[in-house]
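Subject: Structure for your review

Dear colleague,

Please find below the structure that I am handing over to you. My account of what was found in it follows directly after.

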Amino acid sequence: MVQTTAGNPLVSDAPAEAGSAAGPAAFVGRPRQRARGLAHGLVEDLGEKIRSQSLRPGDKLPTESAIMQAYGVSRTVVREALSKLQAGGLVETLHGVGTFVLQPRPGGVFRLDPGEIAASVDVLAVLELRISLETESAGLAASRRTDEQLVAMRQALDDFEHNVTIAGDTVAPDFRFHLQIAQSTGNPYFADIMRHLGTTIIPRTRISAIRIQDGGAYLSRVNREHEEIYAAIARRDPESARAAMRIHLTNSRERLRMAQEAAQQQKAKAEGAGAGKDGGAGAASSDN
């Protein structure tokens with residue numbers, strides 16, 4: 001057993017069998033001492049274990065409670081860290097089943113053009129609203145939906161999946177699915193808000209980087225998240241529906257936030273380089 005230098009959990013030297021659960025022994029360690037950046041530290045530690053294949057594709061992570069105990073952090077910290085790992089494409093959470101390690105992908109998050117930073121700020125604000133609105137909407141829909149409304153949700157998802165395979169329009173069925181959930185609450189105000197916002201609630205309608213990336217992989221992941229929401233609503237499980245919707249929208253927010261941070265750094269670097277060139281040119285002209 002080898003312990004990392006920052007008080008991180010211990011990991012067995014022997015690689016785990018793919019598809020097996022990473023047992024508690026793989027996550028035993030002393031609690032972190034710093035109060036700041038706990039989620040970031042947890043993301044770095046688990047991310048490194050995944051990249052080094054101490055945790056291999058197909059492995060199931062321990063429960064939130066087990067990770068909390070191993071790292072000495074709160075449930076909020078664990079959930080934030082898992083959200084970041086999901087957004088980075090390192091893990092996938094199937095509600096009611098667990099969180100599983102994915103095959104690391106080069107590049108990770110889509111790259112946001114610095115010129116789209118302003119649009120991304122507004123999209124992030126809309127996603128924050130949607131997390132509050134649609135999480136409760138999904139829970140109510142699970143309790144109140146009719147069989148006809150469930151059929152309409154299924155049709156929207158089938159259209160979405162079909163259009164992914166033919167590189168067709170996925171925005172319309174995506175919006176229909178979310179609108180149908182709002183309508184299934186039985187409260188007309190949920191649907192009114194969704195109609196008012198319209199298809200612009202779908203991030204890829206406003207951020208070109210999402211449209212031009214490897215759309216197949218991205219949209220397949222979105223579709224899996226939709227299916228989790230649908231399954232919970234179909235079996236009339238409000239808490240699971242809320243959790244699945246929150247995971248879906250939080251993943252979208254986190255992917256965009258990470259891309260936004262990278263774009264801001266890129267913009268600052270470019271502006272710094274430009275300022276350096278201007279200063280150099282000014283010095284040269286004064287010498288002549």
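Arg-236 lies in the loop between α9 and α10. In this predicted model, Arg-236 has a positive phi of about 55°, although it is not a glycine. Most residues other than glycine have a negative phi. At 41% relative accessibility, Arg-236 is partly exposed, because that class runs from 20% to 50%. A second residue of this kind is Gln-53, whose phi is near 65°, again a positive value in a residue other than glycine. Gln-53 sits in the loop between α1 and α2, and with a relative accessibility of 37% it also counts as partly exposed.

The overall plan of the chain may help you to place these loops. The protein chain contains 10 helices and 2 strands. Read from the N terminus, its elements follow the order α-α-α-β-β-α-α-α-α-α-α-α. The chain has 288 residues, of which 44% count as buried. If one takes the contacts between residues at least 6 apart in sequence, 71% of them join residues at least 24 apart.

Next come the nonpolar cores. In soluble globular proteins, nonpolar side chains tend to be buried together. Which residues have the most contacts inside the largest nonpolar core? They are Leu-42, Tyr-71 and Leu-85, in a core of 20 residues. At least two residues of this core come from each of α1 (38-51), α2 (64-71) and α3 (75-87). The element that gives the most is α1, with 6 residues. There is also a second, separate core of 18 residues, which includes Ala-156, Tyr-230, Ala-244 and Leu-249.

I turn now to the open and closed spaces. The largest pocket has a volume of about 850 Å³. It is lined by 31 residues, and the closest to its centre are Glu-64, Arg-79, Leu-82, Gln-86 and Ile-247. Two or more lining residues come from each of α2, α3, β1, β2 (98-101) and α10. By class, the lining of this pocket is made up of 8 nonpolar, 13 polar and 10 charged residues.

As for closed spaces, there are 4 cavities of 30 Å³ or more. The largest cavity holds about 120 Å³ of space. Among its 14 lining residues, Gln-86, Glu-92, Thr-93, Glu-225 and Ile-247 are the closest to its centre. β1 (91-94), α9 (215-234) and α10 (238-287) each give at least two residues to this lining. The lining comprises 4 nonpolar, 5 polar and 5 charged residues. You will notice that Gln-86 and Ile-247 are named for the largest pocket and again for the largest cavity.

The second largest cavity has about 90 Å³ of space. Its lining consists of Arg-130, Asp-174, His-178, Ile-202, Pro-203, Arg-204, Tyr-218, Val-222, His-248, Leu-249 and Ser-252. α6 (171-183), α9 and α10 each give two or more residues to this lining, and the largest share, 3 residues, comes from α10. By class, there are 5 nonpolar, 3 polar and 3 charged residues. One of these lining residues, Leu-249, is also part of the second core.

Helix α6 deserves a paragraph of its own. It has 13 residues and reaches 18 Å from its first C-alpha to its last, close to the 18 Å expected at 1.5 Å a residue. Is α6 largely enclosed or largely open? It is largely enclosed by the rest of the structure, because 10 of its 13 residues are buried. Among these buried residues are Asp-174 and His-178, both of which line the second largest cavity.

Finally, please look at Ala-191, which belongs to helix α7 (residues 188-197). Its relative accessible area is 4%, and since buried means under 20%, Ala-191 is buried. Leaving aside residues up to four places away in sequence, Ala-191 touches Leu-179, Ala-182 and Gln-183. Two of these partners, Leu-179 and Ala-182, are listed among the buried residues of α6. Ala-191 and His-178 are 13 residues apart in sequence, and their C-alpha atoms are 9.2 Å apart in space.

With kind regards

Terms used. Residues are numbered from 1 along each chain as its sequence is written. This is a predicted model: local features need pLDDT of at least 70, side-chain atom pairs count only at pLDDT 80 or more; totals for chains, interfaces and linings use all residues. Side-chain values use heavy atoms; hydrogens and water are left out. Helices (H or I, at least four residues) and strands (E, at least two) are DSSP runs, numbered from the N terminus. Buried means under 20% relative accessible area, exposed over 50%, partly exposed in between (1.4 Å probe, protein chains only). Contact means heavy atoms within 4.5 Å. A nonpolar core is a set of buried Ala, Val, Leu, Ile, Met, Phe, Trp, Tyr and Cys residues joined through side-chain atoms within 4.5 Å. On a 1 Å grid over the protein atoms alone, a cavity is a set of points where a 1.4 Å probe fits but cannot get out, and a pocket is an open set with protein on both sides within 12 Å along at least five of seven lines; lining residues have an atom within 4 Å of a point. Grid points are joined across faces, edges and corners, and a volume is the space filled by probe spheres set on the points. Ala, Val, Leu, Ile, Met, Phe, Trp, Tyr, Cys and Pro count as nonpolar, Asp, Glu, Lys and Arg as charged, and the others, Gly among them, as polar. The expected span of a helix is 1.5 Å times one less than its number of residues.
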